[in-house]
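Trainee: I am new to this structure. Could you take one part of it and walk me through it closely?

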Amino acid sequence: MQNGSQVSLNAEAFDPNCAFCQRNDIAFNILKETRFFLLVTDHAPLIEGHILIIPKSHYACYGAVPRELDTELYALKQEVRQFFIRYYAPAVFWEHGVFRQTVFHAHLHCFPFDDTEYSLSEQLHSRVVHSQDDIRAWYASEGQYFYMEDESNALLFAPIIDNYMHIIKDVLWHGVATHAKHTHWRSPQQRFEEGIPLITATKQKWREYQEQGAIYADETSA
């Protein structure tokens, strides 16, 4: 198993069979490129504003992403939070952590869901996460996980299918139903076919935010 804290940044990891490494499938959706990350709209969005934070190098999940990238990751997450607050609702972050993942290249889903409706009293989570080091430590010792973060908590879950399905259906789907008004779960193909207007709207708002967002952030801080 690859321990992210031991990965060298001198050799850029690249998988020629990975859609995210190739970029062909995501080039149209790229919102921003930094030294180590891409910020892109999801190609099959659950709702308008569905964004991914993707490391450029090929890591299996964020448990394998080295500590040296944390500062840039935190900055991007904060930028997404500010963007969502400006146009949508507070951010919820979600990662499969290899467990039931479809593209085996680390990517963090960003949803403008406001809240997750998950209570710590449910005790389905395995660990409260305080930093990326907690995720790396779990991945190095335990392997698979899934991860959810809202304005109140960042939580790591063991790869238990019943708990996963509960979070998907009763927690994340609540955010979709609340903000997108969908009454039934849509397949990835359906989301892809219906996603272009959502992607276009997100990209338009992002361009506006890049032009005016810094002023908004200053006003909010003040």
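Mentor: What follows starts at one strand and works outward to the helices, charged pairs and cores.

Keep in mind that this is a predicted model. Start with strand S7, residues 146-149. Both of its faces are covered. Phe146 and Met148 sit on one side, Tyr147 and Glu149 on the other, and all four are buried.

Now look at the partners of S7. Strand S4, residues 92-95, pairs with S7 in the antiparallel sense, over 3 bridges. In that pairing, tryptophan 94 stands opposite methionine 148. Strand S8, residues 154-157, also pairs with S7 in the antiparallel sense, here over 4 bridges. Tyrosine 147 has leucine 156 of S8 as its bridge partner. S7 and S8 form a hairpin, with 4 residues between them.

Stay with methionine 148, which lies in S7. How buried is methionine 148? Its relative accessible area is 2%. Buried means under 20%, so methionine 148 qualifies. Its contacts beyond four places in sequence make a long list. Val92, Phe93 and Trp94 are among them. So are Asn153, Ala154, Leu155 and Phe157. Methionine 148 also touches Thr116, Tyr118, Ile167, Val171 and Leu172. Take threonine 116 as one case: 32 residues separate it from methionine 148 along the chain, yet their C-alpha atoms are 8.7 Å apart.

Next, the nonpolar cores. In soluble globular proteins, nonpolar side chains tend to be buried together. The largest core here has 35 residues. Phe37, Ile53, Tyr62 and Tyr145 touch the most other members. Several elements supply at least two residues each: strands S2 (37-41), S3 (51-55), S5 (108-111) and S8, with helices H2, H3 and H6 (196-221). The largest share, 6 residues, comes from H2. Follow phenylalanine 37 for a closer view. Setting aside neighbours within four places in sequence, phenylalanine 37 is in contact with Leu69, Glu72, Leu73 and Leu76, among others. Its contacts also include Ile53, Ile54, Pro55, Lys56, Tyr62 and Lys32. Apart from this core lies another, of 19 residues. Phe99, Tyr164, Ile167 and Val171 are among its members.

Helix H2 deserves its own look. H2 has 18 residues, which at 1.5 Å a residue should span 26 Å. Its end C-alpha atoms are 26 Å apart, which agrees. The buried residues of H2 include Leu73, Leu76, Val80, Phe83, Phe84 and Tyr87. Charged residues are buried in H2 too, among them Asp70, Glu72, Lys77 and Glu79.

That brings us to the salt bridges. The structure holds 9 of them. Aspartate 70 forms one with arginine 136, their closest N and O atoms being 2.6 Å apart. Aspartate 70 lies in H2 (residues 70-87) and arginine 136 in H3 (residues 132-141), so the pair ties together parts 66 residues apart in sequence. Are the two partners buried or exposed? Aspartate 70 is buried, at 9% relative accessibility. Arginine 136 is buried as well, at 3%.

Arginine 136 has a second salt bridge partner, aspartate 133, at 2.8 Å from N to O. Both residues lie in H3, 3 residues apart, about one turn of the helix. An α-helix has 3.6 residues a turn, so residues three or four places apart point the same way. Aspartate 133 is partly exposed, with a relative accessible area of 30%. Arg67, Asp70, Asp133 and Arg136 are linked in a network of salt bridges.

Another salt bridge joins glutamate 33 and arginine 23, with closest N and O atoms 3.3 Å apart. Glutamate 33 is in strand S1 (residues 30-33), while arginine 23 is in the loop between helix H1 (19-22) and S1, 10 residues away. Glutamate 33 is partly exposed at 44% relative accessibility. Arginine 23 is partly exposed too, at 27%.

Last, the cysteines. How many disulfides does the structure hold? The count is 0. Cysteine 18 is in no disulfide, and the nearest cysteine sulfur, that of cysteine 21, is 3.9 Å away. A disulfide needs the two sulfur atoms within 2.5 Å, so this pair does not count. Cysteine 18 is buried, at 6% relative accessible area. Cysteine 61 is buried too, with 0% relative accessibility.

How values were computed: Residues numbered from 1 in each chain as written. Predicted model: local features only at pLDDT ≥ 70, side-chain atom pairs only at ≥ 80, totals over all residues. Heavy atoms only, no water. Buried < 20%, exposed > 50% of the residue type's maximum accessible area, 1.4 Å probe, protein only. Pairing = 2+ DSSP bridges. Salt bridge = Lys/Arg side-chain N within 4 Å of Asp/Glu carboxyl O. Core = buried A, V, L, I, M, F, W, Y, C linked by side-chain atoms within 4.5 Å. Contact = heavy atoms within 4.5 Å. Expected span 1.5 Å × (residues − 1).
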